[in-house]
Structure formats: C-alpha cells, structure tokens
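Visitor: I would like to learn how to read sheets and salt bridges in a model. Can you take me through them one at a time?

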Amino acid sequence: MTSFNINDLVRENVKKLTPYSSARDEFSGEASIFLDANENCLGSPGIQWYNRYPDPHQTKIKKKLSAIKGVPVENIFIGNGSDECIDLLFRGFCNPGKDNVIICPPTYGMYQVSAEINDVEIKKVPLLDDFQLDLVHLENKVDDFTKIIWLCSPNNPTANSLNREDIEIVLNNFPGLVIIDEAYINFSRHRSFIQELGEYPNLVVLQTLSKAWGLAALRLGMAFASTDIIEVYNKIKPPYNVGQATQDIVLQALDNVENVNEMIRIIVQERELLREKLVALDQVEHVYPSDANFLLVKVTSARAAYNFLLTKGIVVRDRSNVQLCEGCLRITVGTPAENNSLINGLKEFKP
Ligand SMILES: *Cc1c(COP(=O)(O)O)cnc(C)c1O
C-alpha cells in the first residue's frame with residue numbers, strides 16, 4: 001500500500017490557484033463605515049436588513065458546532081447542503097476525464113450525479129446481498145487514478161450501517177480519500193467516525209442539518225476532515241456559500257440540542273412502531289433493519305402499491321427498479337397520524 005499524501009491527491013490547478021479574496025477577507029476588524037463591498041447602503045426592501053454580505057467563514061456557527069461535535073473549528077467545513085460538500089471534493093481532487101472514484105450502489109444518487117457533472121469516471125462496486133461492503137471487489141477496482149471511495153453509513157436507501165471493521169479496512173488500505181456520508185448518523189445505534197479524524201488523514205465525514213436537525217430548507221452541510229483537506233475546501237469554495245438568513249437561524253437552532261435529541265428519540269420509536277405494523281400486513285414481504293429515519297420495505301407489486309398510495313395522497317419513494325432493492329419502497333417515518341394513514345392505505349391495496 002502506498003501511504004497517504006495530500007499532495008498526490010489535490011489537482012495541480014487547485015494547488016496553483018490564488019483563491020478569491022473577498023472584501024470581508026481583506027478587512028474584518030472593527031469599523032463603522034463599510035464602503036468596501038458595493039453593498040446597498042440603504043437597506044433591504046420591506047424585511048429585516050440583509051444588505052451586508054455574510055461571514056464567508058461562518059465562524060460563529062463553526063464554534064457552536066465544534067462544541068456540539070467535539071471537533072476543533074479548523075477541522076470543520078460548512079457547505080450549502082451536503083451537496084456542495086460533495087461537489088467540492090470532486091472539484092478539488094478529481095481531474096476531469098482522467099481520475100475516477102468508486103461508489104457502492106445502491107446508495108445516495110448525488111455521488112454519481114456530481115461525478116458526471118464534473119466529468120469524473122464512476123466505478124461501481126455493488127454492496128453484497130446483506131448490504132455490506134464487498135471488500136474483495138473494492139480492492140480489485142482501485143487503480144492509480146482512483147481518488148475517492150464514497151461510503152454512506154447508515155446507507156440510503158438500504159437504511160443499514162456499514163460494518164465498522166470494513167470501513168476501517170478501507171481507511172487503512174486506500175491511499176486516496178475515504179468519504180463517509182453520515183447524514184443519518186443521529187438515528188443510528190452506531191458511533192460516528194467523527195472522533196477518528198486524528199487516526200485517518202484520508203477521512204472525510206459528511207453530516208447535515210437536513211435530517212435529525214429538521215432544517216432541510218436552510219441548506220447546511222458539514223464536512224469534518226484533516227486541516228489539509230479543509231484547506232482545499234476553503235480554497236475552492238464560493239466565497240459567500242452560506243447565506244446570512246441561514247446563518248442566523250442555524251445559530252439559534254444550535255442552542256437547542258435537547259430538542260433535537262427528543263425528536264430523534266420520538267422518530268426512532270415511531271420507526272420501530274411502524275415496522276411492527278408493516279410486518280403484520282399481507283402486502284408486506286419484508287422490512288429491512290434501519291439505522292435511519294426511513295424504512296426499506298419489500299412489498300408485493302411495489303410499483304402498483306406506490307401508485308395506489310398516490311391516489312390516497314401519500315407519496316413514498318419507489319426504489320423497485322434499483323439493483324438489490326427490487327420490489328422495495330423507501331418510506332420515511334412520519335408523524336403517528338401520517339404513519340397510520342400509510343398503514344391504512346397499504347391495507348386497502350389489493351395487488
Ligand atoms: C439527505 C441526504 C443528505 C443531505 O443532503 P443535504 O444537501 O445536506 O440536504 C446527504 N447524504 C445522504 C445520503 C442523504 O440521504
């Protein structure tokens with residue numbers, strides 16, 4: 001195994017580039033008259049004033065996140081949703097038309113879409129039948145141009161966590177970046193990899209405020225990684241990638257960790273109740289174990305079941321055409337009332 005060296009991974013053009021220097025970068029001290037950023041001096045129309053550019057480094061949010069997550073500020077990057085954290089890794093590390101990345105389907109669709117947008121080749125190493133990593137094929141697929149291995153745990157849409165030992169084998173043996181997307185980690189029985197950053201210089205952990213924190217509309221994703229990797233992120237990110245309104249609301253929300261923990265407890269409890277009710281239905285063939293806020297459910301005639309539920313005004317995700325998820329629906333855990341409507345809808349469905 002070749003050892004990890006960030007300089008072998010970062011794109012040459014990124015190494016050479018001079019990042020955009022914003023007005024807020026060039027002056028960030030105390031002053032009373034700001035005539036440096038071409039903002040509108042008169043205010044904003046009819047709302048709270050948003051006429052000034054936001055903090056490009058989201059310092060206040062990072063400080064609060066640092067305390068909540070137990071990760072130093074310099075190991076945190078904040079993106080406009082995880083989607084931006086994903087895209088910037090391609091842009092920073094993968095040469096279009098030359099490098100490749102590995103994904104393990106069935107998994108989150110954005111890794112492939114983002115690769116295609118960036119003209120980066122995707123190699124697929126499907127999960128095994130038990131939705132765990134196929135380490136043998138993974139090793140075989142890696143070549144000199146493989147920059148990133150994308151892992152998602154708990155995985156979307158299969159809902160399970162990947163075996164920790166398997167992830168550790170990948171981290172210890174692959175000299176490129178290993179991304180662990182932990183969008184659903186708060187609903188899992190398993191520990192985050194966020195405390196292992198010191199152990200693995202090639203590790204990037206992605207988390208988001210879109211799921212457990214209930215803030216999907218605000219668009220705030222987080223990447224936790226070595227300072228070397230965070231520096232690449234900061235070098236290539238759009239200067240003001242997180243808006244002021246988002247920063248304001250997130251700062252308030254981050255003071256309510258207990259509230260979030262209570263929501264997680266309720267959703268996990270509802271998930272297990274929903275599982276019991278689903279398992280009891282004739283129309284349901286299997287409910288897979290879940291470490292997330294959704295269930296992967298194998299039903300008879302999945303497409304017809306999906307369409308029938310639509311006639312009742314209930315939208316679930318049809319995953320029946322996805323490899324290894326044949327015949328499955330992905331169902332987000334709803335409120336008790338929503339879950340009851342779903343169960344009643346399915347009861348009426350006659351395949
Ligand atoms: C929902 C989800 C995200 C969240 O993306 P955001 O852009 O932060 O909303 C990330 N990864 C996975 C696997 C998801 O399912």
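Guide: Start with the sheet. This is a predicted model. Strands of a sheet pair through backbone hydrogen bonds, either parallel or antiparallel. Here four strands form an open sheet, in the order 8-9-11-10, and the pairing is antiparallel.

Visitor: Which strands stand at the edges?

Guide: Strand 8 (284–287) and strand 10 (317–318) do. Each has a single partner strand, so one side of each lacks a neighbour in the sheet.

Visitor: How many bridges link strand 9 and strand 11?

Guide: Five bridges, in the antiparallel sense. Strand 9 covers residues 294–299, and strand 11 covers residues 328–332. To fix the register, take Lys298: opposite stands Cys328 in strand 11.

Visitor: Now the salt bridges. How many does a search of the whole structure find?

Guide: The search finds 18. For each pair, ask about the distance, the place in the chain and the exposure. Take Lys15 and Glu12. Their side chains meet in a salt bridge, 2.9 Å from N to O. Both residues lie in helix 2 (residues 12–16), three residues apart, about one turn of the helix.

Visitor: Are Lys15 and Glu12 buried or exposed?

Guide: In between. Lys15 has 31% relative accessibility and counts as partly exposed. Glu12 is also partly exposed, at 44%.

Visitor: What separates Arg164 and Glu168 along helix 8?

Guide: About one helical turn, because they are four residues apart in helix 8 (residues 164–173). They form a salt bridge, with the closest N and O atoms 3.9 Å apart. That falls inside the 4 Å cut-off for a salt bridge. Check exposure too. Arg164 has a relative accessible area of 17%, so this residue is buried; the cut-off is under 20%. Glu168 is partly exposed at 27%.

Visitor: Which parts does the pair of Glu348 and Lys312 tie together?

Guide: First, the contact. Glu348 forms a salt bridge with Lys312, and the closest N and O atoms are 2.6 Å apart. Glu348 lies in helix 13 (residues 336–348), while Lys312 lies in the loop between helix 12 (302–311) and strand 10, so the pair ties together parts that are 36 residues apart in sequence. Glu348 is partly exposed, at 44% relative accessibility. Lys312 is partly exposed as well, at 40%.

Visitor: Which residues do salt bridges with shared partners join into one network?

Guide: Arg24, Asp36, Glu39 and Arg52. Trace the shared partners, and the four named residues link up as one network.

Note on methods:
Residues are numbered from 1 along each chain as its sequence is written. This is a predicted model: local features need pLDDT of at least 70, side-chain atom pairs count only at pLDDT 80 or more; totals for chains, interfaces and linings use all residues. Side-chain values use heavy atoms; hydrogens and water are left out. Two strands pair if DSSP finds at least two bridges between them. Helices (H or I, at least four residues) and strands (E, at least two) are DSSP runs, numbered from the N terminus. Buried means under 20% relative accessible area, exposed over 50%, partly exposed in between (1.4 Å probe, protein chains only).
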